[in-house]
Amino acid sequence: MNRAITGSNWLSENQRYLMAALGVVRAALEQHASQQPGGTTDETRLSLARQSFKEAADSMSSASALESLCRTFVLTPFERDVLVLSAGVELDSSFGALCAAAQG
């Protein structure tokens, strides 16, 4: 029973971590898109997303699935973000339009 509760906690923590990582990539895309003509830059959103990601990482009781994958394949933070971006398009239907906006 205790193992099931622990597993359930890890799943929740892992989901929070993944969504926080996705939030960082989303904020970076939004910031880049806002630098296009007619956009306004908001660096606060990116800072808040990074803080949320750090808090999610700190709350993990063990390594997240994403971090385990990054360690296994020796991914850099940039490569991790590209992986999260690729997953983001599948996890969030609004990500495609955001990618298009970031490309101008």
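**Group meeting: a walk through an all-helix model**

Hi everyone, let's start with burial: of the 104 residues in this chain, 27% count as buried, where buried means under 20% relative accessible area, exposed means over 50% and partly exposed lies in between, with a 1.4 Å probe and protein chains only. A word on provenance: this is a predicted model, with local features needing pLDDT of at least 70 and side-chain atom pairs counting only at pLDDT 80 or more, while totals for chains, interfaces and linings use all residues. Residues are numbered from 1 along each chain as its sequence is written, and side-chain values use heavy atoms, leaving out hydrogens and water.

Now the layout. The chain has 5 helices and 0 strands, taken as DSSP runs numbered from the N terminus (helices are H or I, at least four residues; strands are E, at least two). Contact here means heavy atoms within 4.5 Å, and among contacts between residues at least 6 apart in sequence, 70% join residues at least 24 apart.

Which aromatic residues pair up? The whole structure yields 1 aromatic pair: Tyr-17 and Phe-53, tilted, at 5.0 Å centre to centre with 45° between the planes. For the cut-offs, rings of Phe, Tyr and Trp (its six-membered ring) pair if their centres lie within 6.5 Å, and planes under 30 degrees apart are stacked, over 60 edge-to-face and the rest tilted. Tyr-17 sits in helix α1 (residues 2-34) and Phe-53 in helix α2 (residues 43-59), 36 residues apart, so the pair links distant parts of the chain. Both Tyr-17 and Phe-53 are buried.

On to α3 (residues 65-72) and α4 (residues 77-91), whose axes come within 11 Å and cross at roughly 130°. Axes are lines fitted to C-alpha atoms, for helices over the stretch in contact, with angles from 0 to 180 degrees between N-to-C directions. The two helices are therefore oblique to each other; under 35 degrees is roughly parallel, over 145 roughly antiparallel, 65 to 115 roughly perpendicular, and the rest oblique. Leu-66, Glu-67, Leu-69 and Cys-70 in α3 meet Arg-80, Leu-83 and Val-84 in α4. That contact has 5 nonpolar, no polar and 2 charged residues, counting Ala, Val, Leu, Ile, Met, Phe, Trp, Tyr, Cys and Pro as nonpolar, Asp, Glu, Lys and Arg as charged, and the others, Gly among them, as polar.

Last stop: the loop between α3 and α4 holds Val-74, which has a positive phi of about 50° although it is not a glycine. Val-74 is exposed, with a relative accessible area of 63%.
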